[in-house]
Amino acid sequence: MEAAKVPQQRGEQLLDAAVRYAEERHWDVCPGTWLEAAEGTERCSCGAAGCAAPGAHPTGPDWAGQATGSGAAARRMWSRHPKASILLPTGRSFDAIEVPESAGFLALARMERMDLPLGPVTCSPDRRMFFFVLPGAAARSDDLVRKLGWQAAAIDLVARGEGHYVTGPPTRVGGRGAVQWARRPTPANRWLPDAQELISPLAYACAREAADARTRL
């Protein structure tokens with residue numbers, strides 16, 4: 001009866017989402033770990049008691065090689081592990097610029113007012129936002145931020161490219177909640193923006209948040 005108290009992740013939702021990402025967006029997808037009920041609580045399928053991202057990380061070091069862009073292959077993978085998290089490798093169809101959620105929403109509002117081209121954007125339960133941009137952003141972002149007068153690490157702006165991944169909705173991360181879309185993938189944002197188009201408002205928002213955080217100390 002204890003296990004009944006654990007909120008369940010809907011396997012069908014995850015399978016459908018993974019197939020949709022592969023078929024409609026031509027994104028590679030990779031099944032990650034998942035959440036398991038254990039003594040009235042949840043734990044990561046990896047078995048680590050102090051797992052930093054329960055139910056939402058790769059199952060092994062060869063995860064990137066397991067990723068597929070085939071909808072049929074994705075369906076087979078998630079049929080075998082219906083609760084598996086959805087990992088979207090970066091550096092292939094897209095890179096992702098990661099910023100604190102507060103800075104991300106500030107930048108997003110400004111970008112919309114400026115009518116800048118925007119791709120999909122996700123929000124994670126640990127209050128991070130990920131802006132999808134054309135591949136190659138990770139190699140250039142530090143230099144682009146530096147030209148604006150900041151250091152990317154100092155303002156908490158991180159670009160994810162080859163060898164990294166973002167977690168795709170509707171994956172749940174432990175008891176923290178689910179990854180969600182702040183801007184959903186649609187036909188209108190199929191063509192992703194270049195990092196250079198978004199880096200200025202993102203860096204400005206991150207620098208402002210970093211400065212505000214320092215004044216609160």
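Student: Which residues of helix α3 (residues 71-80) are buried?
Tutor: Gly71, Ala73, Ala74, Met77 and Trp78 are the buried ones. Buried stands for under 20% relative accessible area, exposed for over 50%, and partly exposed for what lies in between (1.4 Å probe, protein chains only). Helices (H or I, at least four residues) and strands (E, at least two) are DSSP runs numbered from the N terminus.

Student: How do you know that these residues share one side of α3?
Tutor: They cover an arc of only 155 degrees around the axis, so they sit on the same side of α3. The arc is taken from the directions that lead from the helix axis to the C-beta atoms. The face of α3 turned away from that side carries Arg76 and Arg80, which are exposed.

Student: Before we go on, what are we looking at?
Tutor: It is a predicted model, in which local features need pLDDT of at least 70 and side-chain atom pairs pLDDT 80 or more, while totals for chains, interfaces and linings use all residues. Residues are numbered from 1 along each chain as its sequence is written, and side-chain values use heavy atoms, without hydrogens and water.

Student: What makes Ser70 a cap for α3?
Tutor: At the N-terminal end of α3, a side-chain oxygen of Ser70 lies 3.3 Å from the backbone nitrogen of Ala72. A polar contact is a pair of N or O atoms within 3.5 Å (within protein, one must be able to donate a hydrogen and the other to accept it; residues adjacent in sequence count only if both atoms are side-chain atoms).

Student: Where is Thr90, and which backbone atom does its side chain reach?
Tutor: Thr90 belongs to the loop between β4 (86-89) and β5 (95-100), and its side chain reaches the backbone oxygen of Gly161 at 2.6 Å. Thr90 has 2% relative accessibility, so it counts as buried. Leaving out residues up to four places away in sequence, Thr90 touches (heavy atoms within 4.5 Å) residues including Asp95, Arg160, Gly161, His164 and Tyr165.

Student: How do you know that the buried residues of α4 are on the same side?
Tutor: In α4 (101-114), the buried residues are Glu101, Ala103, Gly104, Ala107, Leu108 and Met111. Their arc around the axis is only 145 degrees, which puts them on the same side of α4. These buried residues pack against β5, β6, β7 (128-133), β10 and α6 (195-216).

Student: What is notable about the phi of Asp115, just after α4?
Tutor: Phi of Asp115 is near 60 degrees, a positive value in a residue other than glycine. Asp115 is in the loop between α4 and β6 (121-123). With 68% relative accessibility, Asp115 counts as exposed.

Student: And why is Asp156 called partly exposed?
Tutor: Its relative accessibility is 32%, which falls in the in-between class, so Asp156 counts as partly exposed. Asp156 sits in the loop between α5 (137-147) and β8 (158-160). Asp156 too is not a glycine and has a positive phi, about 65 degrees.

Student: What makes the peptide bond from Pro169 to Pro170 cis?
Tutor: Its omega is near 5 degrees. Pro170 is in the loop between β9 (165-168) and β10.

Student: How many aromatic pairs are there, and why is the one of Tyr21 and Trp181 called edge-to-face?
Tutor: There are eight aromatic pairs. The ring centres of Tyr21 and Trp181 are 6.1 Å apart and the planes stand at 80 degrees, so this pair is edge-to-face. Rings of Phe, Tyr and Trp (its six-membered ring) pair if their centres lie within 6.5 Å; planes under 30 degrees apart are stacked, over 60 edge-to-face, and the rest tilted.

Student: Why does that pair tie together distant parts of the sequence?
Tutor: Tyr21 lies in helix α1 (residues 11-24) and Trp181 in strand β10 (residues 180-183), so the pair joins parts that are 160 residues apart in sequence. Tyr21 is buried, with a relative accessible area of 3%, and Trp181 counts as buried at 15%.

Student: Why is the pair of Trp27 and Trp181 called tilted?
Tutor: The centres are 6.3 Å apart and the planes differ by 40 degrees, so the angle is neither under the stacked limit nor over the edge-to-face one. Trp27 lies in the loop between α1 and β1 (30-31), 154 residues from Trp181. At 3% relative accessibility, Trp27 counts as buried.

Student: Which residues form one aromatic cluster?
Tutor: The cluster is made of Tyr21, Trp27, Phe94, Phe132 and Trp181.
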